[in-house]
Amino acid sequence: MRTCTKLITAFLSAVVLTVSGFAGTTRAQADTLALGVRYNADPYGAAYSTEVENQAQNNYCWAYMADAVLESHLIKTGAVSQADFSESDMISQLSGGSYGFSNLSAGGNYHQAVGYWTRGVQYGPRLEAEGRQTDYYVSETAELGRYDITNDRSKQNYIQNIKNLLVRYGSVGVSVYFNQTGREYMTNNGAYYYPQDQSPGVNHGVTIVGWDDTFSAKSFSNLMTKPGQPEKDGAFLVKNSWGKDDVSSIGRNTGYYWISYENYFQDAFTVTNVVERSKLYDYIYETDYRGLYDYMPGTSYSRLYQLGSRVQQLSGFATYVKAGAYYRFYVNGQELTQFSGTMAQSGYRTFQLLQPMTFAGTALELRVEVSGDDTAVPVAAGEVTAGVPDTGNVCLKVFTRLPTSSSSPAGSVTPGGTTNPGSTVSQVLLYPQECTLRRGANQKFTAQVLGSGQPPQQVNWQVSGSSSLNTRVVDGVLYIGPDETSGQIYLYANASADNSKSAAAKVTIADNSTTTPGGSTQTPGTSTEPSSPQPDPGEDRAPKVGTINKGIYTCQPDLTASYTKCIAKTHFSVTVPATVKVKGKTYEVTSLDSGCMQKNKKIVSVSIGKYVTAIGDDAFRGCSRLKKVKIKSIAVESIGEDAFSGLPSDAVIYVPRSCLSDYRTMIRDSGNKKVPVRAYN
């Protein structure tokens, strides 16, 4: 990141461990509205949601659920505006042929869908209308498994984790108990409730697209159970697959349902990254065509691959990982240290080598060693039914490229970072390098990429050692989840141009009674350094959301705010002010969230306030009529990828004269090489 003020040059030595060196991580950032009481709660216009399908009385609800999750992810990340994949192709490939199941409907679930999306032969997905093979490869998923039904906190954390995944990636698939033939007795205008302690388990897959914490418990009415209504308000908005004209759905004609938080549900999952298959590999070596059966006892697993006589380059590998476990990967005995680390999320992961390894007429052994979990061996599903393991066969794939092919890692489907020809990265600086934060607090980190030839300043942020999905990093701001149980975590800033160069910061997690050096109690949401303005002692630590002049602002306990989203339909001129007043408190606007004005076709001019220090990814991307941007702040430290991409040819960005050189470089590094950047006095 660049700044027009004095650059931080001090660099304290630290042990740096790169948690994950894979490229192409989805750049969709966690939406700060995740903490709001309502999100995407309109069944007549749910964002990132595709058409309601009709499974027509078959047993393949999981296929419709899985495709809906993939479709919404591609829309959410901007890869497509609409998508419709063929469930019949998925079912056909998984229910017959050399790599199918003889009785798929008896145990089909999203793991089989992931197996279909990621296999190298007969691979999917295909488009519904044309039957055309796509180039999509689902390289990463996030899976939540099951919660402890005897522990209410476990249930509430599960609900919050679903919300986090939902706003970050588009939608979440989940399994529930839902009786199709008796649903008219269990629903009230699409509001469905079945007491968790009476649920016989799960039998149906649906797609969560939104939620409303205030949805009244009195809206539910189940005539088949006692009680017939939940005790508390709150429900998920879900897209079903029983057709749009389902008379039990909301409005009797939407295909959407409200499902109470007090229902039982399990196996929540989402797609977190999609890459281009043609750029990922020329050859794929695999034996797990049917996907994951389950994790079995063991802390290591391996597979030997015969590459033949043709010279090939190892470009990546894939497996299933478990959250909280520490992984090491070895190729022919050589550890790939750039991938070693604790996994923050369970699911399917694809690891891509920045520097491919060349093999000529030799065998390749890939070995995985796991610590911190003694049931970490991902066993593949067997041949007979989806409910039988293929004993001895693990889920472990290897990808290779031919030397004549491009050896660069595959990027995600969304646009990636830019590089400067001839530039090299020598090191990454990260500040602060050590701090103490309470649960529920946050801290802004600043990274600087050093090297020759003006290397790009983009970095990939990663968190290691966290136990909570609520602990996350967004545009350099680390948020500590209120349910975080780890006493210490690490934050990593990896240079996008050279992922082998990174810096680490150690973060100690303190409880509410912890004091900072000198005996003073640290204020949640702030660093140990003084800042202005200071929050009132004891104030609510939850972010607040306010709407001012058709703009949504997310306000933090340290009295800073981010411009989260422009909701103006007709505004031609938008001003991001220096401060906003929400619920009686004044907040300094210090950042513009990722995608806050993306693809706004109305705005012509934008003025950015004097306290802004960060402009997020895709902030103004695709604003085809935006001709004038005026940045008043002299403290901008970072401009995200494609923040100003897609502006009209006659657009101009005006910046303070004292910052002209630095800001122009940041804008060029962010992906816009042509828009004029001019100074004003």
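Q: What is the relative accessibility of K627?
A: This is a predicted model in which local features need pLDDT of at least 70 and side-chain atom pairs pLDDT 80 or more, while totals for chains, interfaces and linings use all residues. Residues are numbered from 1 along each chain as its sequence is written, and side-chain values use heavy atoms, leaving out hydrogens and water. K627 counts as partly exposed (buried is under 20% relative accessible area, exposed over 50%, with a 1.4 Å probe and protein chains only), because its relative accessibility is 42%.

Q: Which residue forms a salt bridge with K627?
A: A salt bridge places a side-chain nitrogen of Lys or Arg within 4 Å of a carboxyl oxygen of Asp or Glu. For K627, the N to O distance in the bridge is 3.5 Å, and the partner is D650.

Q: How many residues apart in sequence are D650 and K627?
A: The side chains of D650 and K627 meet in a salt bridge. D650 lies in the loop between strand 40 (638-639) and strand 41 (652-656), and K627 in the loop between strand 38 (614-615) and strand 39 (628-631) (strands are DSSP E runs of at least two residues, helices H or I runs of at least four, numbered from the N terminus). The pair therefore ties together parts whose separation in residues is 23.

Q: Is D650 buried, partly exposed or exposed?
A: The relative accessibility of D650 is 42%. D650 therefore counts as partly exposed.

Q: How many residues separate R401 and D282?
A: R401 and D282 form a salt bridge, with their closest N and O atoms 3.3 Å apart. R401 belongs to strand 21 (residues 396-401), whereas D282 sits in the loop between helix 6 (277-280) and strand 10 (283-285). These distant parts of the chain are linked across a number of residues equal to 119.

Q: Which residue of the pair R401 and D282 is buried?
A: D282 has 30% relative accessibility and so counts as partly exposed. A relative accessible area of 7% marks the buried residue, R401.

Q: Are D373 and K322 buried or exposed?
A: The side chains of D373 and K322 form a salt bridge with an N to O distance of 3.5 Å. D373 is in the loop between strand 18 (363-371) and strand 19 (377-381), and K322 is in the loop between strand 13 (312-321) and strand 14 (326-331), 51 residues apart. Both D373 and K322 are buried.

Q: How many salt bridges does the whole structure contain?
A: The search covers the whole structure. The number of salt bridges found is 16.
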